[in-house]
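Here's a quick briefing on the pockets in this one and on what sits in them. Have the structure open and follow along.

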Amino acid sequence: MSLTSFSLANRKALVTGASRGIGRAIAEGLASAGADVAIAARSLDDLHDCAAAIHDFGVKACPLAMDVTAVADCRRGVSEACDRLGGLDILINNAGIEQVCASLDIEEELWDRILDTNLKGAFFVAQAAARVMTGGAILNLCSLTSERGIPTAVPYGSSKTGLVGMTRALAVEWAPLGIRVNALEPGYFRTRLTEAFYENPAWQSAMLANIPMQRFGELDDLVGASVFLCSDAARYITGVCLPVDGGTLAAI
Ligand code: NDP
């Protein structure tokens, strides 16, 4: 065991939902650790800034358009990433959406849109990736809602709890293929997904009271855990869901 086992030099990674927020931070973090990175979102135009930041680390950036709700698009996107990078060692299953709604008012369209993106999309991207990977690591972005009941977030919480089940089952099924499957459970991070909550000072105070470290997460807080779980330093770790939440889950 040496510190070089934390390096991602010469690894080929795909990050979904890399146009902004957590996905972009992780994509740039993998690049800083030496990986070439394919970055995906629905619109190519939104990926230019992330691609430029990745290039600055002296590694390859491959922006590609992919809508994870369409299985054919998942397969095409993974295939394109693999072709352009010359292989695939790491998948970050990050693309996700949320829309709060009282459960008595949820319509089928909302349920399907959230589940199709966060759970079905994650599965079919993982499946396409595992078909071309010869070992490596998959990291799924789960949530505090994977572990706790959060009102008005039932489709989202169901998708993220399902993603934990998927993480564990795939970890067991694909261990013989040399593919490790783990998850991160971020706490509270200010992004476009969560921006509306942060505009409410009362919400901020109530949430901070639940965070033992007494601050919200910064996107960079997720990079170390992501690089570690995708690196050889974590070579005996699979099926794990790691909270990165300032102690929130430990406390509630
Ligand atoms: P953002 O809304 O900032 O970013 C979401 C990303 O997902 C964007 O790049 C978006 O790109 C992409 N995306 C959305 N729908 C699709 C789709 N159908 N196909 C492909 N890409 C898509 O969210 P966050 O960065 O906050 O969240 C990232 C992940 O982290 C999500 O899975 C979220 O559930 C999870 N998470 C976030 C937390 C937080 O506090 N922010 C806490 C816990 C988990 P585009 O719209 O351009 O396609």
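What follows is a short tour of two pockets and a ligand.

Keep in mind that this is a predicted model. The main thing to look at is the largest pocket, with about 1200 Å³ of space in it, and that is the space the ligand takes. Once the ligand is in place, the protein buries 96% of the 880 Å² that the ligand exposes when taken alone.

**The largest pocket**

- Count the lining and you get 47 residues, with Gly96, Ile97, Glu98, Tyr156 and Leu193 lying nearest the centre of the pocket.
- Several elements each put at least two residues into that lining: helix 1 (21-32), strand 2 (36-41), helix 4 (108-132), helix 5 (154-174), helix 6 (195-198) and helix 7 (201-208).
- Helix 1 gives the most, at three residues.
- As for chemistry, the lining of the largest pocket has 23 nonpolar residues, 16 polar ones and eight charged ones.

**The ligand and its shell**

- There are 30 residues around the ligand, and the closest are Ser19, Arg42, Asn94, Tyr156 and Thr191.
- Tyr156 turns up twice, then: it's among the residues nearest the centre of the largest pocket, and it's also one of the closest to the ligand.
- By class, the shell around the ligand splits into 13 nonpolar, eleven polar and six charged residues.

**Polar contacts to the ligand**

- Which part of Lys160 comes up to the ligand, side chain or backbone? Here a polar side-chain atom does the job, lying 2.8 Å from an oxygen atom of the ligand.
- Phe189 uses its backbone instead, with a polar atom there 2.9 Å from a ligand oxygen.
- Arg20 joins in through its side chain, where an N or O atom is 3.3 Å from an oxygen atom of the ligand.

**The second largest pocket**

- Next in line is a pocket with a volume of about 170 Å³.
- Its lining is made up of 13 residues, and the ones closest to the centre are Gly217, Asp221, Val244, Asp245 and Gly246.
- Sorted by class, the lining of the second largest pocket comes out as six nonpolar, four polar and three charged residues.

Key:
Residues are numbered from 1 along each chain as its sequence is written. This is a predicted model: local features need pLDDT of at least 70, side-chain atom pairs count only at pLDDT 80 or more; totals for chains, interfaces and linings use all residues. Side-chain values use heavy atoms; hydrogens and water are left out. On a 1 Å grid over the protein atoms alone, a cavity is a set of points where a 1.4 Å probe fits but cannot get out, and a pocket is an open set with protein on both sides within 12 Å along at least five of seven lines; lining residues have an atom within 4 Å of a point. Grid points are joined across faces, edges and corners, and a volume is the space filled by probe spheres set on the points. Helices (H or I, at least four residues) and strands (E, at least two) are DSSP runs, numbered from the N terminus. Ala, Val, Leu, Ile, Met, Phe, Trp, Tyr, Cys and Pro count as nonpolar, Asp, Glu, Lys and Arg as charged, and the others, Gly among them, as polar. A residue is near a molecule or strand if one of its heavy atoms lies within 4 Å of it. A polar contact is a pair of N or O atoms within 3.5 Å; within protein, one must be able to donate a hydrogen and the other to accept it, and residues adjacent in sequence count only if both atoms are side-chain atoms. Accessible areas come from the Shrake-Rupley method with a 1.4 Å probe; for residues, only the protein chains shown count as cover. A molecule sits in a cavity or pocket if more than half of its atoms lie within 2 Å of its grid points.
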